[in-house]
Amino acid sequence: MQENGRILSVILDKVKHQAKPGVSTLELADFAHEEILRAGALPAFLGYRDFPGVICSSLNEEVVHGIPSSSRVLQSGDLLKLDIGIKRNGFYADMAETLFLGATPPNEINHLLQITKMALLAGIRNLLPGNTLGKVSQSIQEVIETGGLSVVRRIVGHGVGRRLHEKPPVPNFGTPEEGPRLKAGMVLAIEPIATYGDPEIAIKQDGWTAITTTGALSAHFEHTVAITPQGPRILTSTCQAG
Ligand code: MG
């Protein structure tokens, strides 16, 4: 799973570099598909519960599960969420990042990105054997709400392994009394999603794309992380300790 995570992080990085104004989200997905196959992997999302895309590409008020399309052409100023999953040698890896298309993001977007990223890292720091899962959830919620943002509660993280989505679900809100105790050997996909204001979401006509009901922007960052006796190890990273 560590090797898969490293491969996925390299692929996501390459896809990010293709994401420029004038490029469609379908072109990004096609590029990702080539890279995934070249790495000896398969795209995890394609066909998952009949999802029609190779990756999820969600723009601006779209929260998650955006379907790549030739008619969605990236523009300067867009906030793009890229979520990619791969399967290789029987195991899955799952990762997401949000990027601003343009030189310098406006303060509001910069804040959204920084807080959501910090929430992910706070959650990861608490992936310690013996901690409750609720402690992880609470640490994520605390960063997001202290930052003046709201947790999109209807989308949660999950266990990941021989299946893309395994138990336990990992809510991005909660209390330390809740949830199972973490153990070394567990692998979890931690994926906070934050927005401004009301965090309620709706699903678009395509049956997949989740959007904020207010039209507010949202950000999403995700890592696949293994819990080791020494603490968390981010698998979806290019710089891994041996
Ligand atoms: Mg996930």
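Helices (H or I, at least four residues) and strands (E, at least two) are DSSP runs, numbered from the N terminus. The model is predicted, so local features need pLDDT of at least 70 and side-chain atom pairs count only at pLDDT 80 or more, while totals for chains, interfaces and linings use all residues. Residues are numbered from 1 along each chain as its sequence is written, and side-chain values use heavy atoms, with hydrogens and water left out.

**Exercise 1. Work out which residues coordinate the magnesium ion, and where His158 and Glu222 sit.**

Step 1: pick the donors, meaning N, O and S atoms within 2.8 Å of the metal (3.2 Å for Na, K and Ca); water is not among the atoms, so sites may look incomplete. That gives Asp94 through OD, His158 through NE2, and Glu191 and Glu222 through OE, at 2.1 to 2.3 Å.

Step 2: write the spacing in sequence, which comes out as D-x63-H-x32-E-x30-E.

Step 3: place the pair His158 and Glu222. His158 is in strand S7 (residues 157–159), and Glu222 is in the loop between strand S13 (218–220) and strand S14 (223–228). They are 64 residues apart, so this pair links distant parts of the chain.

Step 4: check accessibility, where buried is under 20% relative accessible area, exposed over 50%, and partly exposed in between (1.4 Å probe, protein chains only). His158 is buried at 5%, and Glu222 is buried too, at 1%.

**Exercise 2. Find the salt bridges of Asp13, Arg153 and Glu200, and say how exposed the partners are.**

Step 1: apply the rule, a side-chain nitrogen of Lys or Arg within 4 Å of a carboxyl oxygen of Asp or Glu. The count comes to nine salt bridges.

Step 2: start with Asp13, which pairs with Lys16, the closest N and O atoms being 3.9 Å apart. Both belong to helix H1 (residues 2–18), and because they are three residues apart, about one helical turn separates them. Asp13 is partly exposed at 35%, and so is Lys16 at 24%.

Step 3: move to Arg153, whose bridge goes to Glu145 with the closest N and O atoms 4.0 Å apart. Arg153 is partly exposed at 41%, and Glu145 is partly exposed at 39%.

Step 4: take Glu200, bridged to Arg154 at 3.1 Å between the closest N and O atoms. Glu200 lies in the loop between strand S10 (193–195) and strand S11 (201–203), and Arg154 in the loop between strand S6 (150–151) and S7, so the pair ties together parts 46 residues apart in sequence. Glu200 is partly exposed at 36%, whereas Arg154 is exposed at 53%.

Step 5: look for shared partners. Asp13, Lys16 and Glu97 are joined into one network that way.

**Exercise 3. Describe the second largest pocket: its volume, its lining, and the element that gives the most to that lining.**

Step 1: set up a 1 Å grid over the protein atoms alone; a pocket is an open set of points where a 1.4 Å probe fits, with protein on both sides within 12 Å along at least five of seven lines, and lining residues have an atom within 4 Å of a point.

Step 2: read off the space, about 210 Å³.

Step 3: list the lining. There are 16 residues, and Lys16, Met95, Glu97, His223 and Thr236 lie nearest the centre.

Step 4: assign elements. H1, strand S5 (91–100) and helix H3 (107–125) each give two or more residues to this lining, and H1 gives the most, with five.

Conventions. Points joined across faces, edges and corners; volume = space filled by probe spheres on them.
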